[in-house]
Amino acid sequence: MATMVQAIRMALHVGEERLGVTDIFGEDVGPPLGGVFTATQGLKTTWNSPLDERGVIGMAIGLALAGRKPVAEIQFCDYAFNTVDLLKIAGNTYWSSGGDWNVPLVMMTPVGAGIRGSIYHSHSFDAQATRIPGWKIVMPSNPRDAYGLLLSAIVDPNPVMFLKPKALLRAKGRPGEEIPGEPGDDKVLSKMIDAPLGDRSKWKPEWPNLEELFIPIGKARTARSGKDVTVLTYGRNVPMAVAAADELAKEGIEAEVIDLRSLHPYDWTAIKESVQKTHRVLCVNEDTEITNFGEHLIRRLTEELFYELYAPPKLLAGAHIPGIGLADALEHASVPQKDGIKAAIATLARHEP
């Protein structure tokens, strides 16, 4: 089974070979490094930009308007905050031109905690992203979804943010989550597409015969079925929520975990159907708790499904602090963890109206 970073690399390969990707670029994105997390190793259209995030986004907009199809990477989302005004331009161009100008670019950036990145490499960007109209926003929780969502982002005629949960980049898929065309042996795949240590000047990847897979942007998936509580989450928190729910099942509590996959547009139909079944809802994500995307979901749930709810909707999110500490204890105290998710689900399940 491929890891998420291998899945991203294979999707980019399909993108440049079959779907018109012309430029994959950013700081250290090109050879010899292939990105901080190796997501762009061995690709033909990669090149290194200066250390200038505003330049990266500005160049991506220009390339897209000139008829090319770029994939631009900000190596950590912490450094995307100083590009917000440019991201707004990319998002409003199609609207402000009355549909005359498309901006077919993808912005990739790793997000979240979980790798001891400390204060400058652990931020989340999902809440900020949802405040920029005109962008589609996706965040996968497994390699297959990463592959399929990235291909859908590439073929979209307007800008898409592909937020990569960095704590999951080395996580492998589970049975049933295979990428179509990947070899069944992990070691074989690694030998084919992972660059060797040391001198890479003569190395070239041997890409598997991959099939295209397009996961629709705006379509959630049920990561785990249940009847007592709905957990609305995405990215790194999906496997934690599933693990917490599996443990609670031994106590007779069955939680349903909805992996949103897309933050805009999001799958309101799937959310509504699940909440009408369970009547209790928990929103979980890593971004800071004030003006959080989960707060938006709770607002809409309260407005539209108030009489369906048996308990007040709950948000479990990151602490409203300036950054994430380096020590494990500080990081664990700053963003949701499995035990906290488990406790929140149990409290909701036991609440009676």
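A residue is called buried when its relative accessible area is under 20%. The model described here is predicted. By that cut-off, both faces of strand β4 are covered. Val 106, Met 108 and Pro 110 are buried on one side. Met 107, Thr 109 and Val 111 are buried on the other. Six of the six residues of β4, which spans residues 106-111, are therefore buried, and the strand is largely enclosed by the rest of the structure.

Strand β4 has two parallel partners among the strands examined here, β3 and β6. Three bridges join β4 to β3, residues 70-73. Here Ala 72 stands opposite Met 107. Six bridges join β4 to β6, residues 160-165. In this pairing Pro 110 stands opposite Lys 164. The link from β3 to β4 involves helix α3, residues 84-96. Together, β3, α3 and β4 make a right-handed β-α-β unit.

A further sheet is open and has five strands. Their order is β7-β9-β8-β11-β12, and the pairing is mixed. Strands β7 (221-224) and β12 (314-318) form the edges, each pairing on one side only. From one strand to the next, the twist averages 25 degrees. Helix α8, residues 268-278, packs on this sheet. The helix touches β8 (229-233), β9 and β11 (281-288). Its direction makes about 155 degrees with that of β8. At the β7 edge, β7 and β9 (residues 255-259) run antiparallel and are joined by three bridges. Arg 221 has Asp 259 in β9 as its bridge partner. Both residues also belong to a network of salt bridges, which links Asp 145, Arg 221, Asp 259 and Arg 261.

Helix α7 covers residues 237-249. At 1.5 Å a residue, its 13 residues should span 18 Å. The end C-alpha atoms are 18 Å apart, which agrees. Its buried residues are Asn 237, Val 238, Met 240, Ala 241, Val 242, Ala 244, Ala 245 and Leu 248. These residues pack against β7, β8, β9 and β11, and also against helix α11 (338-350).

Side chains of opposite charge can pair when their charged atoms come close. The model contains 24 salt bridges. One of them joins Arg 18 to Glu 212, with the closest N and O atoms 3.6 Å apart. This pair links distant parts of the chain, 194 residues apart. Arg 18 lies in helix α1 (residues 4-18), and Glu 212 lies in the loop between α6 (186-193) and β7. Arg 18 is partly exposed, with a relative accessible area of 42%. Glu 212 is also partly exposed, at 37%.

Asp 186 and Lys 172 form another salt bridge, the closest N and O atoms being 2.7 Å apart. Asp 186 is in helix α6, whereas Lys 172 is in the loop between β6 and α6. The two are 14 residues apart. Asp 186 is partly exposed, with a relative accessible area of 26%. Lys 172 is partly exposed at 49%.

A salt bridge within one helix joins Arg 300 and Glu 304, both in α9 (residues 293-305). The closest N and O atoms are 2.8 Å apart. The residues are four apart, about one turn of the helix. Arg 300 counts as partly exposed at 21% relative accessibility, because the cut-off for buried is under 20%. Glu 304 is partly exposed, with a relative accessible area of 44%.

Notes:
Residues numbered from 1 in each chain as written. Predicted model: local features only at pLDDT ≥ 70, side-chain atom pairs only at ≥ 80, totals over all residues. Heavy atoms only, no water. Pairing = 2+ DSSP bridges. Axes fitted to C-alpha atoms, helices over the stretch in contact; angles between N-to-C directions. Contact = heavy atoms within 4.5 Å. Buried < 20%, exposed > 50% of the residue type's maximum accessible area, 1.4 Å probe, protein only. Right-handed = clockwise from strand over helix to strand, strands pointing away. Expected span 1.5 Å × (residues − 1). Salt bridge = Lys/Arg side-chain N within 4 Å of Asp/Glu carboxyl O.
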